[in-house]
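The following exercises concern salt bridges and burial in a single protein chain. Each task is followed by a solution in steps.

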Amino acid sequence: MVIEPNWHVMHNRLQTAKSIDEVIQHHDFFLDKCLRGCLLLLPEFLKKVERLKSLCLQYAAATQWLISSSIDVPSLVESDGSLVSEKPKQSKSRRPYQPLKLSSSNRTVADSILKFEREFNAELQSLGPILNSSSKAEPYLTHLSKCILGIGNEQ
């Protein structure tokens with residue numbers, strides 16, 4: 001929580017402001033605290049977070065593709081474009097659902113997942129030094145840095 005507590009502080013200070021200069025000063029203080037608290041003043045950190053987000057989206061897309069290509073989903077749209085209103089009748093010649101065998105490509109899938117995991121972990125670990133160097137100016141980043149690096153997690 002960053003914005004709401006700082007908003008309350010600013011609001012209380014504005015109640016006692018005697019000039020427009022004090023209002024501007026309180027507002028500037030509010031903006032600075034919010035930018036720092038939301039980590040928006042650390043461009044290297046923001047680039048790493050954006051890269052992590054990109055990796056997560058790539059992983060989700062790959063997973064979605066893998067699932068949709070390995071599951072036999074009956075069509076819900078008729079050839080004329082109308083929705084199927086009842087369960088499709090299974091013909092006697094159709095075999096019951098059997099999972100698609102991916103034995104030949106299991107290794108490829110596993111390798112792809114491991115590649116995503118390695119890239120994600122490398123990006124995550126590279127955040128540690130950025131946060132460590134920034135924590136000298138912003139002490140609250142020390143805890144975040146320790147969490148990312150796994151320091152002090154004796155669970």
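Partly exposed denotes a relative accessible area between the buried class, under 20%, and the exposed class, over 50%. The model is predicted.

**Exercise 1.** Classify K53 by accessibility and identify its salt-bridge partner.

*Solution.* Step 1: K53 has a relative accessible area of 42%, so K53 is partly exposed. Step 2: K53 pairs with E50, the closest N and O atoms being 3.3 Å apart. Step 3: E50, at 43%, is partly exposed. Step 4: E50 and K53 lie 3 residues apart in helix 3, about one helical turn.

**Exercise 2.** Determine which side chains form salt bridges with E119, and state which network includes E119.

*Solution.* Step 1: E119 meets R51 at 2.9 Å, N to O. This pair links distant parts of the chain, with E119 in helix 4 (residues 106–134) and R51 in helix 3, 68 residues apart. Step 2: E119 also meets K115, at 3.2 Å. K115 and E119 are 4 residues apart in helix 4, about one helical turn. Step 3: through shared partners, salt bridges join K48, R51, K115, E119 and E123 into one network.

**Exercise 3.** Establish how the buried residues of helix 5 are arranged about its axis.

*Solution.* Step 1: in helix 5 (residues 141–149), the buried residues are L141, S145 and I148. Step 2: viewed down the axis of helix 5, these buried residues fall within an arc of 65 degrees and therefore line one face of the helix. Step 3: just after helix 5, G150 adopts a positive phi of about 75 degrees.

Key
Residues are numbered from 1 along each chain as its sequence is written. This is a predicted model: local features need pLDDT of at least 70, side-chain atom pairs count only at pLDDT 80 or more; totals for chains, interfaces and linings use all residues. Side-chain values use heavy atoms; hydrogens and water are left out. Buried means under 20% relative accessible area, exposed over 50%, partly exposed in between (1.4 Å probe, protein chains only). Helices (H or I, at least four residues) and strands (E, at least two) are DSSP runs, numbered from the N terminus. The arc is that of the directions from the helix axis to the C-beta atoms. A salt bridge is a side-chain nitrogen of Lys or Arg within 4 Å of a carboxyl oxygen of Asp or Glu.
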